[in-house]
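User: I am new to this structure. Please show me how to read its features step by step.
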Amino acid sequence: MVDPATTPLGKMLLDEITPVVMVLCTPLVEESCGKNGISLLQMLSPFCNFSNIDVPVRTASDQPYRLHKFKLRLVYESDIRHPNLEVAKEQLKQVITRTGEKELSELGSDPPEISDVVGRSESEILPSWFQLFNKELMHTVSFSEHEAFDHPVACLLVVSSEDEQPINRFIDLFNTNKLPSLLNDGAMDPKILKHYLLVHDNQDGPSEKASKILTEMRSTFGPNDCQLLCINSSEDGRIERQDNPWASHKSDASPSKHLGSFLNNDDFSEIKDVMQELASKHIIPYMEQKIRVLNQQVSATRKGFRNQLKNLWWRKGKEETSDSPNGPMYTFSSIESQIRILGDYAFMLRDYELALSNYRLISTDYKLDKAWKRYAGVQEMMGLAYFMLDQSRKEAEYCMENAFTTYAKIGSSGQQNATRCGLWWVEMLKARHQYKDAATVYFRICGEEPLHSAVMLEQASYCYLLSKPPMLHKYGFHLVLSGDRYKKCDQINHAIRTYRSAVSVYKGTTWSHIKDHVHFHIGQWYAVLGMHDIAVAHMLEVLDCSHQSKTTQELFLRDFLQVVQKTGKTFEVVKPRLPIINISSLKVIFEDHRTYASAEAANVRESLWRSLEEDMIPSLSTARSNWLELQSKLITKKFEESNICVAGEPVKVDIEFKNPLQIPISISNISLICELSTRSDEMESDSNSSTTELQNDEESKLLTTTGEMNSDTSSFTLSEVDISLGGAETILVQLMVTPKVEGILKIVGVRWRLSGSLVGVYNFESNLVKKKIAKGRRKVKSSPSNDLKFIVIKSLPKLEGLIHPLPERAYAGDLRHLVLELRNQSDFSVKNLKMKVSHPRFLSIGNRDDMTKEFPACLQKMTNAEQSVAGGNFNKMPQAVFSFPEGISIQGETPLLWPLWYRAAVPGKISLSITIYYEMGDVSSVIKYRLLRMHYNLEVLPSLNVSFQISPWSSRLQQYLVRMDVVNQTSSENFQIHQLSSVGHQWEISLLQPFDSIFPSESLFAGQALSCFFMLKNRGESSTSSDDTSSPSCLLGSDVSLQGTADTLFDISGSPLADFHAHERLLQSVSQDDTNTVDFIFISQPSESDSDSGISDPQHLFSHHTCHCSILGKTPITWLVDGPRTLHHNFNASFCEVNLKMTIYNSSDAAMFVRVNTFDSPSSSGQTSEATSPRSAVPSGNQAGWHDVPVLTDIKVTSQLPLNQVKRSSLLESVSPFIWSGSSASRVLLQPMSTTDIAMKVCLFSPGTYDLSNYALNWKLLTISGQGNEGETRQSSGSCPGYPYFLTVLQAS
Amino acid sequence: MIACVAVVGHQNNPLYIQSFTEADDALKLHHIVHCSLDVVDERVNNPKKSGPTLNETFLGLLYPTENYKVYGYLTNTKVKFILVTTDLDVRDADVRNFFRRFHAAYIDAVSNPFHVPGKKITSRTFAERVSTIVKSFGLSSAG
C-alpha cells in the first residue's frame, strides 16, 4: 500500500485541510501591490506553501514529531462567509465552458480506438480539468460552521507605511464591526492569533519611516508579532521571470510576465521569509498550544467513565427539548465545538490519531443530539482520518458512506456537502483501485443539476474504463448519459467529447440503435459548431438505418441533408452507405467486333453466340494469314490483353442501386467516372512489335481524370441518369461512356448525387472480388482491373439491325412476313454480309423479291409456270449460313430491307438469336469484321393440335385411310380451316366425302375439335423420289381444299412453306426411315369474324406441319385378293373352279418370305375365331377410338356376317362347301417395297355365297443382324388371317 | 411487467431485442441491455463468486436501475438472455421459469436450418412465441 499522503486524495487533503489565515489590509497596501498587477493575497499566496521546512510539533502526546511540509491558506476577511450558491454555480459553469473552449481544437481529430484507451493510466485518460472542477465544487461548501478547519487560525493585519497613523489603522482593521459575520455571531472563535505586517513600498521613498513605524508597532503590539515587508524595490519594473510564481494564481489570460514586475529578488526572499516565519514561528506553535489546552479540557470533562455517563445522561435529558433539523446550535465555545476544533487542528497538524479519537468522541454526541449535519461532517473527517492513517479500509468506507447518506438525508442544505463528501469518497476508492465502486459513488453524487451530473457521469464513465477488467459497456453508457446532460446545458464541446469517446466504444458492434443515436447526435452537434465535415462524416454512418422506424429515417435523412446544405459545398463521399451499390450486379457491356442490336442480345451467353457464329467467322489463322500486316497481329495480341471498344460507340455499365430505407430517396446525375488516356506513341509501340507487353499505360499521357462530363473538350462523353428510389427499392441503372478519341479508357467508378446535395463516389477497383464481366473472353489470367480497361480504337462502321414487326407472342403455326432492317450510320461501307439464325424452324430468310409481294396472296398456288421458277431457288441446306448477295452495301441513311419469314413452330418460349456478319469496306481498320447480334424472346401459344392417323385400306392396295383430328386449343381464337396437303409426288390425298357435309361451319371455334377422313393414295412413284424428299423442291404434293367456297389453295412448295416444312421434317424426324411415312401440311387462317383480337389479321396463315406419319399397319404386308365376285355356273355339269389372284405388297424395308396357307375346310375353329378376332381386338387396342371399319359397302356385309356364320356353321358339320385347289401353301420371297402376285384357285361344289377367308399369310422378315438390334419392338415374323372374300355362285340356268 | 427481452450472442452482439412497452424507449432499453452485459461478463469471469453455482445458467438479478430490474441467463454456448422488468418484487422462480421457456424457444429458433448462427433472429414464430411467454410471465407472477 502506498503512503496515503502521496495518493491524490492525500495530496488533496494536505492541500485543502490546512490552517486558514485571515488577511486584513488597508487600501494603500492593495495599491502598492496593484502596481505589480496583483493583489496582496495573490502576492503572498505562492509563498504559503512550504515544502522544505522542518518544524518540530508536539501535540497531545509527549512524543514530538516534525513537519516538513506545510501550507497556509490566505483568505481575505471579506471571503470568510458562506459562499453564494448562485455565484458558485456560475463559477463552475465558467470553469466548464473555459475548458470546453480549450478542447475545441481537439474535437476535429479522430476519436481514439477503444483498444488504445483501455490500459492507459488514469492521468492519461482523465481530462485535467476534472480536478479543477472538483476543487471548485468543494469550495462551494467552505466556511461552513459545522466544520472547524475552515475557521481562521490566525489573522494577518497589513498596513502600508504610507498610511497615516499606522498604529491606529492596525487597531481599526481588527475592529469587530468589520469582521465577518461568522466570527461575530459566534460560529467561529474571534479570539485568534494576530500578526501585524507593515508593507513599505520602496518607490515611495526610503524605508527609514517604515522602520520607525515598525519600532512603534513593536512597542504597541509586542515585539514578536510585528514585521516589516518592503516591496517594489525594482525601479523600472522590467523584471521578468521565467517561472512566474503568480502565473498560476492569476486566472485570466493577461501576459503573466508582467506580473510582479516591480518585485526584485530581494523582495522575493523577503516575502518568503515573512511567510515562513509566520507559519513556523507563530501559527504552528499557536496551534500546538491550542491543541494541548483543548486536549486537557476535553480530558477533564469528557474522558473517563464518569464523564461519559454524565454526558450521556445529560444528552438524554436534552433530547426532548431541541428538535430543529440541524440539531441544537453550537457556539464555538461549546464543548462539542471545542472537541471538533481540537480534532481539526490535530488533523491539520497531521496528528491523525488524535484527530480520530476526538472525532469519534464527538460523533456520538452529535448523533444523540440529532445534529445530523455536524454528525455527517464528523463522520466524513473520521473517514478521512482513517484513510490517512491507512487503517481499516472498511471503517473508512463505512464512515464515508455514513456521512454521505446523512448529508443526503438532510435535504438541500446538505447537498453540497454530500457532493464534497462523495468526491472524497471517490478519491478514497480510487486510491485503492476500487474503480467500480467509485463509479457508483459518482453516479450517486450526480444531483438534479444537469451540468453537475454531466461532469459526475463522465467521471463515472472513466472509472468504469479504469476498472479491471474494463467495463466498456457501462463506460459507453455513462458517456452517453453525460453527453446528453452536457447538451442540456449547452456545453456542446463537452457533449461532443463524451460522445466521441462513446463512438469508439460502439464502433464495430452491431448495436445499431445505440450507434445511430450516438452518431446522429454527434453529427448534429458538430454541425452546430460549424464543423460540417466531421458532422457529415458522422451523419453518414446513420444513413443506412433500415432497422429504424420510418419517421426516424426521415428525421435522419432530413437532418443529414440540412447539414450538408449548410456546408454550402458539395461533399464527395467515397462509398457512402446510401444508396447501397450492389457490386455483384456490375456488368459491363461493350462492343468490339461483336455488336448488339439490343440489351437482350448482350445478355445472352457468349458461348451461345460463339456456337452460332462458328462457321461464319473466319478462323484466327486466316485472319492472321497476311503476315505483312503487323498492326493487325499486334492488335490481336492486344485483344487478349485487354478489351477493345470503338471510338464513338458507348460502353454500357449496368449497376444496381438499392435503397435500404422505407422512405424514397432521389438520386440524380448518376454517371461513370472514367479516365481516358490517349496513346501518343502508338507508332512506336507498333514498330516495336516484338514486345508483347502492353506498356501504354505508363507511356501515355493522361488526358482526363475528371468525372465532369460537360466539356466538349473532354475526350469522352458520359450519360447521366436520374432515378428516384422508393422505399426498399432496387433499380438497375445503365450508364454509358462514349469515348471520342483513341486511347485507353478506364472505368474507375460511379458517382451520383443524393438528394441534390451529397455526391457519392463508388470506386469499382476497391472491391473487385465478386465482379463479373459479362463479356469475359479468355481472360482467366488477366487481372480484374483489366476488365474495366478498354483500348479505344478508331471508329468503325456499325450495323444496326431491326426486325419488324416481330410479334412477341403468337399462336403456334402462325406464319408471317417480316422485314429485317439494317442500317449503317457511318460513312464507311461494309461488305460480305452473312446471316445466321439460331432457330431456322422459326425464322427463315426470304428472297429479295418477297419484299414486294403481297402476303399471303403470294403463297397461293398459281397455274402458270413462274411457280416452278420460284421453287427452284431453294436448293440450300437448312442451318446453313445465308450470304447476302454480293452487290449489297449499306451506307448512310437508306436502310437495307430484307424479307424474313416467321413461323411460330412449336408452343413455348423461344429465344431467337440472329447473327449478321459483315466485313469492313476499309481494309486498314484494326478489326476486320464485325458481328451484329440480335436476340428476341418470343412466346408461342398453342393453337391447333393436328394429328393424323393412317391405316391401310384393307380392301385396296396402296391406299390408306387418313383420319385427321384437329383440336382448337386456344381459349378465344377461331380458325378457319383452309386446306390439307400431303407432301411428295407419290401421295395423293382426297376427301372421302364432301367437306360441307361433315363440317359446314368451316371455322373451328375455341375448344372445338374436328375429325374427318381422307383417302391417301400412293401413286407408286416413291422409288424415284425417295432420296429427294428432304429437298424442298420436291414438295409437290397434293392438296385438298377444306374450304367450301374458296378455291384458292396455297402452294406448299412455295418458298416459306417449303422451307419451314424441311425444318419441321428435320426436327420431327424419328429414327425410322421415311419410306413409309407421309407428311401433311394443314393450313388454316384466323377467322375473319373475330377481328378484335390481335392475331385475327387476315394477313397471316397458320400452317401445321405433321411429318413422318407412318402409313404402316400392324403388319408389314398388305395383300389383296382379286377375282370374280359373282359367278354363274352350272353345277350340274361340273364343280366350279374359280381363279383368284392375290397381290402381296411388302411395305417394310427388308425382304421377307411370305407363305400363303390355305385351309381346305374351315373345320379348325381356331382359325375361324382368329379370323374374326382381329376385328374385335382392334377397337380395344386402338386408343384413338376408331379403327379401320370399312365404310359403307363393307359395313353392310359385316352386318350380315353373323347370319352368314350361322348358316355356314350348319354347313360345316356336313361337308366342306369348297376346297382350295392348287398348292395348299406357296412361299415367295418378297423384296422390300415390292409386290408380287400369287395365283390361287378354289373349287366350289354347289351354288351359294362363300367366304373365302380360310387362308393365312405367314411372313418372316429377313433381318440383317444390325437391323435387328435397333427395332426391338418390330415384329420379325407373324401371320395374318385372310380377309373375308365373298364369292357368290349361282346356278346357271 | 416485462419491459424488454434480449438475446445477445457470445460476442456481445445483439441477436434479438424486443421491448414490450408502449413508450418509445427502445434506445433506453437497448442501453440497459447493453450495460448489463458488463455485469454478465463480471459474473462469468469471477468464478469465486459463482463457485457453488458454476453450472447454473441463471445468473440472477444483474443490477437494479432506477425503474427496472435486469435478470440474466447464460446458455452453454455463451448466448445471453437478458430480461428487463418493471416489477419490483419478482420471484426468482418466476424468472427461472421464464428463462427456461425462453431458452426452449430460442433453441427451436436456431435449430431452423435457414437460421445463420451469429445473425439476428428474424423468425416470426420465435417472436410470437416470445410474446406469449412474456404475457404469461405477468400472469404467473400474479397468480
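Analyst: What follows goes from the whole chain to its sheets, a helix, some backbone angles and the contact between chains. Keep in mind that this is a predicted model.

User: Where should I start with chain A? How many helices and strands are there in chain A?

Analyst: Start with the inventory. Chain A has 37 helices and 51 strands. Next, look at burial, for which a residue needs 20 or more other C-beta atoms within 10 Å of its own. Of the 1293 residues in chain A, 39% are buried. Then look at how far apart contacting residues lie in the sequence. Among contacts in chain A with a separation of 6 or more, 76% link residues 24 or more positions apart.

User: How do I read a sheet? In what order do the strands S11, S14, S17 and S19 of chain A stand?

Analyst: Read across the sheet from one edge strand to the other. Here the order is S11-S14-S19-S17 in chain A, an open sheet of four strands with antiparallel pairing. Strand S11 (580–589) and strand S17 (716–718) of chain A are the edges, because each has a single partner strand and so one side without a neighbour in the sheet. From one strand to the next, the twist averages 20°.

User: How many bridges join S11(A) to strand S14 of chain A?

Analyst: S11(A) and strand S14 (residues 651–658) of chain A run antiparallel and are joined by six bridges. To follow the pairing down to residues, take A:Ile589, whose bridge partner in S14(A) is A:Lys652. As a general idea, side chains in a regular strand alternate between the two faces of the sheet.

User: Which strands pair with strand S25 of chain A?

Analyst: One partner of strand S25 (residues 814–824) of chain A is strand S23 (residues 799–804) of chain A, in the antiparallel sense over six bridges. In that pair, A:Ile803 stands opposite A:Leu820. S25(A) also pairs with strand S40 (residues 1101–1110) of chain A, antiparallel over two bridges. There, A:Leu815 has A:Leu1101 in S40(A) as its bridge partner.

User: How do I check a helix? Is helix H13 of chain A largely enclosed or open?

Analyst: Compare its expected span with the distance between its ends, then count its buried residues. Helix H13 (residues 335–348) of chain A has 14 residues, which at 1.5 Å a residue should span 20 Å, and its end C-alpha atoms are 20 Å apart, so the two agree. As 13 of the 14 residues are buried, H13(A) is largely enclosed by the rest of the structure. Just after H13(A), A:Arg350 has a positive phi of about 65°.

User: Which residue in strand S15 of chain A has a positive phi?

Analyst: A:Asn669 has a positive phi of about 55°, although it is not a glycine. A:Asn669 belongs to strand S15 (residues 665–678) of chain A. With 15 other C-beta atoms within 10 Å, A:Asn669 is partly exposed. In chain B, B:Asn12 has a positive phi of about 60° and is not a glycine either. B:Asn12 sits in the loop between strand S1 (2–8) and strand S2 (14–19) of chain B. B:Asn12 counts as partly exposed, with 18 C-beta neighbours inside 10 Å.

User: How many residues of chain A are in contact with chain B?

Analyst: Count the residues on each side, then ask which elements supply them. In this model, 11 residues of chain A are in contact with 10 residues of chain B. On the chain A side, helix H20 (472–488) and helix H22 (512–529) each supply at least two residues. H20(A) gives the most, with four residues. By type, the residues on the side of chain A that touches chain B are five nonpolar, five polar and one charged.

Methods: Residues numbered from 1 in each chain as written. Chains lettered and ligands numbered in written order. Predicted model: local features only at pLDDT ≥ 70, side-chain atom pairs only at ≥ 80, totals over all residues. Contact = placed C-beta atoms within 7 Å. Nonpolar A, V, L, I, M, F, W, Y, C, P; charged D, E, K, R; others polar. Buried ≥ 20, exposed ≤ 12 C-beta atoms within 10 Å, placed from the backbone. Pairing = 2+ DSSP bridges. Axes fitted to C-alpha atoms, helices over the stretch in contact; angles between N-to-C directions. Expected span 1.5 Å × (residues − 1).
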